[in-house]
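The exercises below are meant to be worked with the sequence and the model side by side. Each one sets a task and then follows it with a solution in steps.

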Amino acid sequence: MTYLKTNKNLFHKAIILFICCNSYSLLAQKDTSIIQHLEIHTNPLTFGYYNPSYRLGVEYVKNQLGYVVEYGFGNTALNGYRFNATEGKQGNQYLYNNIRLEFKYYLKKLKQGRNVYVSSELFLMQVTDVIYNSYYVPVSKDSYTEYSFTKADFLHQKYGVNLKIGGKRIIKNRIIMDGYMGVGIVKYVVDYSNIENQKPSEPTVTDGFPFFPNYSKETNSIKLDFIIGLKLGYILWKN
């Protein structure tokens with residue numbers, strides 16, 4: 001009888017010890033959610049554009065909200081050669097600037113692995129250059145007339161708002177891969193000014209392909225903007 005009572009006490013103690021150990025293990029597990037972090041990133045796809053540019057950005061995240069500032073820069077030296085909307089278009093003072101402000105909402109708190117978000121983005125992009133021995137089509141409600149010139153100042157602006165959806169993957173707690181796509185409404189401007197030796201010429205300018213406009217045609221219009229991209233980054237600080 002004493003033997004059975006002793007075994008029963010040992011069994012009860014074993015159960016209590018098992019429960020205590022598992023409770024401690026659960027309490028000891030760390031929450032892998034990232035409450036705050038600061039990252040730097042770049043968009044490698046912009047290096048492969050016909051007009052390559054550097055784009056660097058910073059993102060600060062707190063809870064499920066992200067705040068992003070990005071700046072892009074390009075020039076003639078980086079280009080090697082500049083865009084060629086039509087044969088013979090040459091420029092030697094190419095300058096590209098792009099600034100973007102983005103507000104993100106993550107569907108869940110950030111953690112190791114994939115994190116889905118939606119965002120809105122304000123942006124301004126501007127290209128200036130001086131073009132020699134080329135041609136353009138001015139804005140005209142009455143006719144479609146092409147002109148040649150020996151020199152002209154070129155301006156291309158695009159500004160507006162994009163709505164995006166994306167997925168940010170955090171690898172080894174530090175490395176960032178952020179893919180996104182979206183659509184927006186933009187103000188689109190192409191303008192030629194300070195034109196020298198302008199005269200009518202034989203038509204050579206075409207409409208171009210969809211989403212790849214012909215920069216030889218002046219315009220001042222509102223358009224849809226379709227975007228897709230990839231960011232690579234590194235988390236500098238987190239908690």
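The protein chain holds two helices and 12 strands, and the model examined here is a predicted one.

**Exercise 1. Describe the overall build of the chain, from the order of its elements to its burial and surface.**

Step 1. Reading from the N terminus, the elements follow the order α-β-β-β-α-β-β-β-β-β-β-β-β-β.

Step 2. The chain has 239 residues, and 36% of them count as buried.

Step 3. Among contacts with a separation of 6 or more, 71% are made by residues that lie 24 or more positions apart.

Step 4. The accessible surface amounts to about 14800 Å², and carbon and sulfur atoms account for 63% of it.

**Exercise 2. Work out how strand E1 is placed: with which strands does it pair, and is it enclosed or open?**

Step 1. On one side of the question stands strand E12 (residues 219–238), which pairs with E1 (residues 36–42) in the antiparallel sense over six bridges. Within this pairing, His41 stands opposite Gly233, and Glu39 stands opposite Ile235.

Step 2. E1 also pairs with strand E2 (residues 54–62), again in the antiparallel sense, over seven bridges; here Gln36 stands opposite Lys62.

Step 3. Five of the seven residues of E1 are buried, so the strand is largely enclosed by the rest of the structure.

Step 4. To follow E12 further, turn to E8, which runs antiparallel to E12 and is joined to it by 16 bridges. One of the positions to inspect is Met177, whose bridge partner in E12 is Leu232.

**Exercise 3. Locate the largest nonpolar core and name the strands that supply it.**

Step 1. This core has 13 residues, and those that touch the most other members are Tyr96, Val127, Tyr136, Phe149, Phe154, Val190 and Tyr192.

Step 2. At least two residues of the core come from each of strand E6 (113–136), strand E7 (147–171) and strand E8 (175–196).

Step 3. Take Tyr96 as an example: beyond its neighbours within four places in sequence, Tyr96 is in contact with Ser53, Arg55, Gly72, Phe73, Gly74, Met125, Gln126 and Val127.

Step 4. A second core, separate from this one, has 10 residues, including Ile34, Tyr106, Ile170 and Ile176.

**Exercise 4. Characterise the surroundings of Ile170, a member of the second core.**

Step 1. Ile170 is found in strand E7, and its relative accessibility of 2% is under the 20% limit, so Ile170 counts as buried.

Step 2. When its neighbours within four places in sequence are left aside, Ile170 is in contact with Ile34, Leu110, Lys111, Gln112, Gly113, Asn115, Ile175, Ile176 and Ile235.

Step 3. The C-alpha atoms of Ile170 and Arg114 are 6.6 Å apart, although 56 residues separate the two in sequence.

**Exercise 5. Classify the ring pair Phe149–Tyr192, and then find the charges that lie over aromatic faces.**

Step 1. The whole structure contains seven aromatic pairs. For Phe149 and Tyr192, the ring centres are 5.9 Å apart and the planes meet at 50°, so the pair is tilted.

Step 2. This pair links distant parts of the chain, since Phe149 belongs to strand E7 and Tyr192 to strand E8, 43 residues apart.

Step 3. Both partners are buried: the relative accessible area of Phe149 is 3%, and that of Tyr192 is 4%.

Step 4. Ring pairs also join Tyr136, Tyr147, Phe149, Phe154 and Tyr192 into a cluster.

Step 5. As for charges, Lys104 lies over the face of Tyr117 at 4.2 Å from the ring centre, and Lys223 lies over the face of Tyr188 at 4.3 Å from the ring centre.

**Exercise 6. Examine the backbone of Asn173 and Asn197: what is the sign of phi, and is each residue buried, partly exposed or exposed?**

Step 1. Most residues other than glycine have a negative phi.

Step 2. Asn173 has a positive phi of about 65°, and Asn197 likewise has a positive value, near 55°.

Step 3. Asn173 lies in the loop between E7 and E8, whereas Asn197 lies in the loop between E8 and strand E9 (199–200).

Step 4. With a relative accessible area of 41%, Asn173 is partly exposed; Asn197, at 56%, is exposed.

Technical notes:
Residues are numbered from 1 along each chain as its sequence is written. This is a predicted model: local features need pLDDT of at least 70, side-chain atom pairs count only at pLDDT 80 or more; totals for chains, interfaces and linings use all residues. Side-chain values use heavy atoms; hydrogens and water are left out. A nonpolar core is a set of buried Ala, Val, Leu, Ile, Met, Phe, Trp, Tyr and Cys residues joined through side-chain atoms within 4.5 Å. Buried means under 20% relative accessible area, exposed over 50%, partly exposed in between (1.4 Å probe, protein chains only). Helices (H or I, at least four residues) and strands (E, at least two) are DSSP runs, numbered from the N terminus. Contact means heavy atoms within 4.5 Å. Rings of Phe, Tyr and Trp (its six-membered ring) pair if their centres lie within 6.5 Å; planes under 30 degrees apart count as stacked, over 60 as edge-to-face and the rest as tilted. A charge sits over a ring if NZ of Lys or CZ of Arg is within 6 Å of the ring centre and within 35 degrees of the ring normal. Accessible areas come from the Shrake-Rupley method with a 1.4 Å probe; for residues, only the protein chains shown count as cover. Two strands pair if DSSP finds at least two bridges between them.
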